[in-house]
Amino acid sequence: MRTSQYFLNTLRDNPADAELISHQLMLKAGLIRKLSSGLYCWLPLGLKILRKVETIVREEMNRIDALELLMPAVQPAELWEESGRWHEYGSELLKLNDRHERKFCFGPTHEEVITHIMRTELQSYKQLPITFYQIQTKFRDEIRPRFGVMRSREFIMKDAYSFHLESTSLEETYEKLYHAYVRIFDRLGLKYRAVIADTGSIGGNQSHEFHVLAEAGEDLIAYCPQSDYAANTEKAEALAQIASKTDHETRQLLDTPSITDMQALAQYLNCEQSKMVKAILLKGKKHPIVMLLLRGDHTLNEIKTSKLDLIHTPVTFADQATIESTFNCPAGYIGPVHVKHVPIIADKDVAVLQNFVCGANQKDKHFKNVNWNEECRYDEVADIRQVVEGDRSPDNQGELVFARGIEVGHIFQLGQKYSQAMNFTVLDKHGKAAIPYMGCYGIGITRIVAAAIEQNHDNHGIIWPPVMAPFQIALIPIGFHKSAQVKQATEKLYQQLLSADIDVILDDRNERPGVMFADMDLIGIPHRIVLGEKNLNNQQVEYKCRSHESSKLLNIEECFDYLIEKLMA
């Protein structure tokens with residue numbers, strides 16, 4: 001492709017409203033243009049990159065015998081009402097009425113639609129297992145769209161759905177999809193981690209997220225450098241600290257006037273927060289209040305907490321009036337001693353504590369040297385805290401460290417959630433109706449492009465992983481419109497590369513060399529060949545790799561073979 005025939009529209013200045021480097025560079029390089037809040041047009045250069053990502057995703061999905069289809073973006077409300085998500089999904093669901101006042105939504109995902117299609121098309125266990133996928137536009141009405149295409153309202157996603165007669169079959173396909181995702185992100189040349197994750201609004205029994213590691217990531221992931229363990233911090237398991245046995249001290253009642261904050265209390269008592277217990281009071285499903293106990297230096301994990309049978313969902317803190325009527329005491333002084341009629345759930349680390357500090361259920365009072373006994377008890381032990389760096393990895397292979405991640409893929413074992421809700425059955429081997437098991441597997445195509453830039457850039461612009469680059473090679477002729485020698489050599493090499501089916505861009509603009517160099521660096525072309533009279537007189541051209549600072553001279557006769565070797569490396 002020649003730049004004179006292409007729409008190359010780069011910007012020199014950083015856009016004022018672009019916070020992330022990926023947003024800035026996508027606008028500067030002419031990949032996208034903003035239409036409205038959270039809505040972007042993909043210009044030819046950006047779309048070329050997007051299609052390269054789609055191609056790799058499609059190849060790997062086809063490799064595991066998934067079947068491509070295409071479903072409507074606009075979906076009828078009755079399907080979402082059947083699944084129970086019309087109101088449950090929340091304000092991100094864009095709802096609309098047609099001219100006949102029938103209700104629809106712009107699909108943020110397609111579980112309902114695929115379940116409806118398959119309940120009319122699949123009748124027998126002989127048709128299972130089977131997997132379908134699509135690459136299609138989604139819409140989620142984000143309350144605050146930001147970071148360009150990283151968190152836009154409209155985006156392109158690959159979503160796949162599998163159907164099974166038995167849960168073991170679902171687990172096998174889930175494993176296939178997991179490894180297909182690994183191959184996709186490996187081929188894209190991204191540094192990533194697959195992490196154990198919460199199923200969220202999609203639902204289901206098990207899920208993994210795939211995160212591109214980058215400082216701009218909104219998610220915090222915990223992983224063990226010595227093993228493959230990785231999890232989103234909202235899901236990461238916290239192992240109990242190994243407690244040493246000590247003699248029980250005599251419990252003491254202490255005056256702690258107007259002190260309810262853990263840090264202030266630790267300073268006042270000259271005590272470590274790790275030796276203190278704080279009570280968190282939540283609304284229960286069957287009880288007005290459930291007491292959760294955490295170490296003073298730990299933080300409640302609401303995702304883990306929401307999974308507990310006793311806890312009301314969504315997780316709701318008890319109101320002050322209910323607290324005071326139950327304990328006859330302000331919230332900051334409450335603890336587990338002498339509590340009889342309130343269920344108590346202790347975190348794993350709290351359950352192994354000895355001689356700890358906690359609220360005394362009296363205003364301005366705390367206990368010191370509290371131990372578990374008949375007067376101070378818990379009803380249940382659970383993992384309810386956020387992990388911290390340095391925690392033991394759940395696989396006991398080392399300690400957890402944290403990293404920021406951009407979620408670019410998410411796979412779920414849905415189980416029978418949607419098939420059961422939408423009355424989807426097939427006949428089993430005995431001719432009886434059976435509810436199929438389902439899996440769901442998503443990849444954010446547009447988000448991958450932004451995530452790749454966050455991970456691969458410098459002060460000059462984008463440094464694409466080679467398979468994602470819009471062009472593999474840039475030819476920059478100096479004096480193309482003035483020198484017959486330069487033009488002839490450039491055209492010869494250009495035609496050689498085209499004949500070899502190589503994606504090459506020839507910058508034939510009548511621009512200064514500095515402008516051409518800057519543009520090719522900005523848009524991230526991996527390999528650059530500069531042809532000028534001075535070097536051509538010595539039968540040489542200049543080669544530079546985008547990811548390296550230095551350039552080198554090549555013999556013009558060896559240039560083509562050298563480039564082929566580089567592209568195949």
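The lining of the largest cavity divides into 5 nonpolar, 2 polar and 4 charged residues. The model is predicted, and it holds 2 cavities of 30 Å³ or more. Strand β20 (residues 401-415) gives the largest share of the lining of the largest cavity, 3 residues, and β20 also pairs with β11 in the antiparallel sense.

**Largest cavity**
- The volume of the largest cavity is about 60 Å³.
- Its lining includes Leu 20, Phe 147, Met 150, Ala 216 and Ile 406, which count as nonpolar.
- The charged residues of this lining are Glu 218, Asp 219, Glu 407 and Arg 447.
- Gly 217 and Gly 405 also line the largest cavity, and glycine is classed as polar here.

**Strands beside the largest cavity**
- Strand β11 (residues 219-223) is largely enclosed by the rest of the structure, because 4 of its 5 residues are buried.
- β11 and β20 are joined by 5 bridges in the antiparallel sense.
- Asp 219 has Gly 405 in β20 as its bridge partner; both Asp 219 and Gly 405 line the largest cavity.
- β11 also pairs with strand β12 (residues 230-232), running antiparallel over 3 bridges.
- Ile 221 has Asn 232 in β12 as its bridge partner.
- The connection from β11 to β12 is a hairpin through 6 residues.

**Second largest cavity**
- The second largest cavity has a volume of about 30 Å³.
- Met 520, Asp 521, Ile 525, Arg 528, Lys 544, Cys 545 and Arg 546 form its lining.
- By class, this lining has 3 nonpolar and 4 charged residues, with no polar ones.
- At least two residues of the lining come from each of α14 (513-523) and β29 (540-545).

**Open sheet of 3 strands**
- An open sheet of 3 strands is arranged in the order β13-β18-β17, and its pairing is antiparallel.
- β13 (252-255) and β17 (356-359) are the edge strands, each pairing on one side only.
- From one strand to the next, the twist averages 30°.
- Between β17 and strand β18 (residues 365-370) there are 3 bridges, in the antiparallel sense.
- Gly 359 stands opposite His 366 in β18.

Methods: Residues are numbered from 1 along each chain as its sequence is written. This is a predicted model: local features need pLDDT of at least 70, side-chain atom pairs count only at pLDDT 80 or more; totals for chains, interfaces and linings use all residues. Side-chain values use heavy atoms; hydrogens and water are left out. On a 1 Å grid over the protein atoms alone, a cavity is a set of points where a 1.4 Å probe fits but cannot get out, and a pocket is an open set with protein on both sides within 12 Å along at least five of seven lines; lining residues have an atom within 4 Å of a point. Grid points are joined across faces, edges and corners, and a volume is the space filled by probe spheres set on the points. Two strands pair if DSSP finds at least two bridges between them. Axes are lines fitted to C-alpha atoms, for helices over the stretch in contact, and angles run from 0 to 180 degrees between N-to-C directions. Buried means under 20% relative accessible area, exposed over 50%, partly exposed in between (1.4 Å probe, protein chains only).
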